[in-house]
Amino acid sequence: MKKIMVALVILLTCMGFIPIDAANWYWVDSDSSGNQWYIDNQSASKSYGVAVVWVKTVREDGTYDLCQWEITRDRKIAILQIAEYNADHEPINSYTVDPWMKQYNAVIPDSIGEEIYNSVW
């Protein structure tokens, strides 16, 4: 019975009934601290002048953060979620911003934020 279930899951996955979305990380730049910045093209979505995208920041020691950013067409950025991971890819901490607590900040010229903005828009 187990073999039949596994075969069925594989078949449905191949036919597209069970979507499997893997992150598609696109390198943006590195900062002065040696952190590497990426955006996930696979999960990015745009609607009515607002884009939501996952941003990954990898530190030199192998630890990293995943942040979900909301980026508006009029050059504002808000953080929606943050998850921190150790070098072994184990979650350390996570936080979701309540919608009424969301704070927008202006995109600073010549910053990583501006590079991500330009990659999205």
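**Largest pocket, fold and selected residues**

The largest pocket has a volume of about 300 Å³. Its lining counts 17 residues, and W37, W69, I77, I79 and G113 are the closest to its centre. The model is predicted. Five elements each contribute at least two residues to the lining of this pocket: strand 4 (50-58), strand 5 (64-72), strand 6 (76-85), strand 8 (105-106) and helix 2 (112-120). Nonpolar residues number 11 in the lining. Five polar residues and one charged residue complete it.

The protein chain holds two helices and eight strands. Their order from the N terminus is α-β-β-β-β-β-β-β-β-α. The chain has 121 residues, of which 29% are buried. Among contacts with a separation of 6 or more, 34% link residues 24 or more positions apart. The exposed area of the protein chain is about 8,400 Å². Carbon and sulfur atoms supply 56% of that area.

Helix 2 was examined next. Its buried residues are I112, G113, E114, I116, Y117 and V120. An α-helix has 3.6 residues a turn, so residues three or four places apart point the same way. The buried residues of helix 2 pack against six strands, namely strand 1 (25-30), strand 2 (36-40), strand 3 (45-47), strand 4, strand 5 and strand 6. G113 appears twice in this picture. It is among the residues closest to the pocket centre, and it is also one of the buried residues of helix 2. The N-terminal end of helix 2 is capped by S111. A side-chain oxygen of S111 lies 3.3 Å from the backbone nitrogen of G113.

The loop between strand 8 and helix 2 contains D110. D110 has a positive phi, near 60°, and is not a glycine. Most residues other than glycine have a negative phi. D110 counts as exposed because its relative accessibility is 75%, over the 50% cut-off. A second positive phi, about 70°, occurs at R75, again not a glycine. R75 sits in the loop between strand 5 and strand 6. Its relative accessibility is 29%, so R75 counts as partly exposed.

Two polar or charged residues with low accessibility were then considered. D65 belongs to strand 5. D65 counts as buried because its relative accessibility of 14% falls under the 20% cut-off. The side chain of D65 makes a polar contact of 2.5 Å with the side chain of R59. Beyond four places in sequence, the contacts of D65 are V55, K56, T57, R59, A83 and E84. N35 lies in the loop between strand 1 and strand 2. With a relative accessible area of 15%, N35 is therefore buried as well. Setting aside residues up to four places away in sequence, N35 touches D29, S30, T57, V58, R59 and E60. T57 and R59 thus figure in the contacts of D65 and in those of N35.

Strand 6 includes Q81. A relative accessible area of 28% makes Q81 partly exposed. The side chains of Q81 and Q68 are joined by a polar contact of 2.7 Å. With neighbours within four places in sequence left out, Q81 is in contact with W54, L66, C67, Q68, Y95 and T96. The C-alpha atoms of Q81 and S94 are 7.5 Å apart. Q81 and S94 are separated by 13 residues along the chain.

After strand 6, the loop leading to strand 7 (91-96) contains D88. D88 is exposed, because its relative accessible area is 58%. Its C-alpha atom is separated by 7.9 Å from that of T63. D88 and T63 are 25 residues apart along the chain.

Notes
Residues are numbered from 1 along each chain as its sequence is written. This is a predicted model: local features need pLDDT of at least 70, side-chain atom pairs count only at pLDDT 80 or more; totals for chains, interfaces and linings use all residues. Side-chain values use heavy atoms; hydrogens and water are left out. On a 1 Å grid over the protein atoms alone, a cavity is a set of points where a 1.4 Å probe fits but cannot get out, and a pocket is an open set with protein on both sides within 12 Å along at least five of seven lines; lining residues have an atom within 4 Å of a point. Grid points are joined across faces, edges and corners, and a volume is the space filled by probe spheres set on the points. Helices (H or I, at least four residues) and strands (E, at least two) are DSSP runs, numbered from the N terminus. Ala, Val, Leu, Ile, Met, Phe, Trp, Tyr, Cys and Pro count as nonpolar, Asp, Glu, Lys and Arg as charged, and the others, Gly among them, as polar. Buried means under 20% relative accessible area, exposed over 50%, partly exposed in between (1.4 Å probe, protein chains only). Contact means heavy atoms within 4.5 Å. Accessible areas come from the Shrake-Rupley method with a 1.4 Å probe; for residues, only the protein chains shown count as cover. A polar contact is a pair of N or O atoms within 3.5 Å; within protein, one must be able to donate a hydrogen and the other to accept it, and residues adjacent in sequence count only if both atoms are side-chain atoms.
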